Amino acid sequence: MSSPFTPDVVDAIKRHMNDDHADDALLICRGLGGQPEATGTTTTGVDDRGIEFAALVDGREVTVRVPWSATLTERVQVRWEVVRLYREACAALGLPARGEH
């Protein structure tokens with residue numbers, strides 16, 4: 001079985017995350033990626049096992065990789081996993097997630 005994460009798909013996911021969900025990615029890096037002091041982040045990669053970011057911490061770039069809950073087999077699963085990570089990160093940081101006020 002071929003991977004659903006072709007270079008074109010990865011580029012589209014990274015672009016979408018960076019253009020539309022940069023704040024969510026930052027919360028994921030802070031709450032789940034072990035970088036609570038991160039001040040910025042860029043999504044740099046995604047595959048069937050997780051998502052990767054370049055987080056800005058104390059003026060330097062740190063690679064942060066956060067695993068999915070399971071190995072993904074379809075592109076559509078990324079959305080649900082990112083939502084899950086966002087909600088878990090908010091809970092870890094003691095913040096309300098959108099729609100959970």
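**Helix α1 and the largest pocket**

In this predicted model, the buried residues of α1 are covered by elements that include α2 (22-31), β1 (40-47), β2 (50-57) and α3. The residues of α1 that are buried are V9, V10, A12, I13 and M17. Viewed along the helix axis, these buried residues of α1 fall within an arc of 165 degrees, and they therefore line one face of the helix. An α-helix has 3.6 residues a turn, so residues three or four places apart point the same way. The other side of α1 carries P7, D8 and D19, which are exposed.

The length of α1 was also examined. With 14 residues at 1.5 Å a residue, α1 should span 20 Å, and the end C-alpha atoms of α1 are 20 Å apart, so the expected and computed spans agree.

Attention then turned to the space left open in the model. Rolling a probe the size of a water molecule over the atoms shows where empty space is left. The largest pocket holds about 370 Å³ of space. Two elements, α1 (7-20) and α3 (77-93), each give two or more residues to the lining of this pocket. Of the elements, α3 gives the most, contributing six residues to the lining. In total, 15 residues line the largest pocket, and H16, H21, R79, V82 and V83 are those that lie nearest its centre. Divided by class, the lining of the largest pocket comprises eight nonpolar, five charged and two polar residues. Helix α3 thus appears in both parts of this description: among the elements that cover the buried residues of α1, and in the lining of the largest pocket.

Technical notes
Residues are numbered from 1 along each chain as its sequence is written. This is a predicted model: local features need pLDDT of at least 70, side-chain atom pairs count only at pLDDT 80 or more; totals for chains, interfaces and linings use all residues. Side-chain values use heavy atoms; hydrogens and water are left out. On a 1 Å grid over the protein atoms alone, a cavity is a set of points where a 1.4 Å probe fits but cannot get out, and a pocket is an open set with protein on both sides within 12 Å along at least five of seven lines; lining residues have an atom within 4 Å of a point. Grid points are joined across faces, edges and corners, and a volume is the space filled by probe spheres set on the points. Helices (H or I, at least four residues) and strands (E, at least two) are DSSP runs, numbered from the N terminus. Ala, Val, Leu, Ile, Met, Phe, Trp, Tyr, Cys and Pro count as nonpolar, Asp, Glu, Lys and Arg as charged, and the others, Gly among them, as polar. The expected span of a helix is 1.5 Å times one less than its number of residues. Buried means under 20% relative accessible area, exposed over 50%, partly exposed in between (1.4 Å probe, protein chains only). The arc is that of the directions from the helix axis to the C-beta atoms. Contact means heavy atoms within 4.5 Å.
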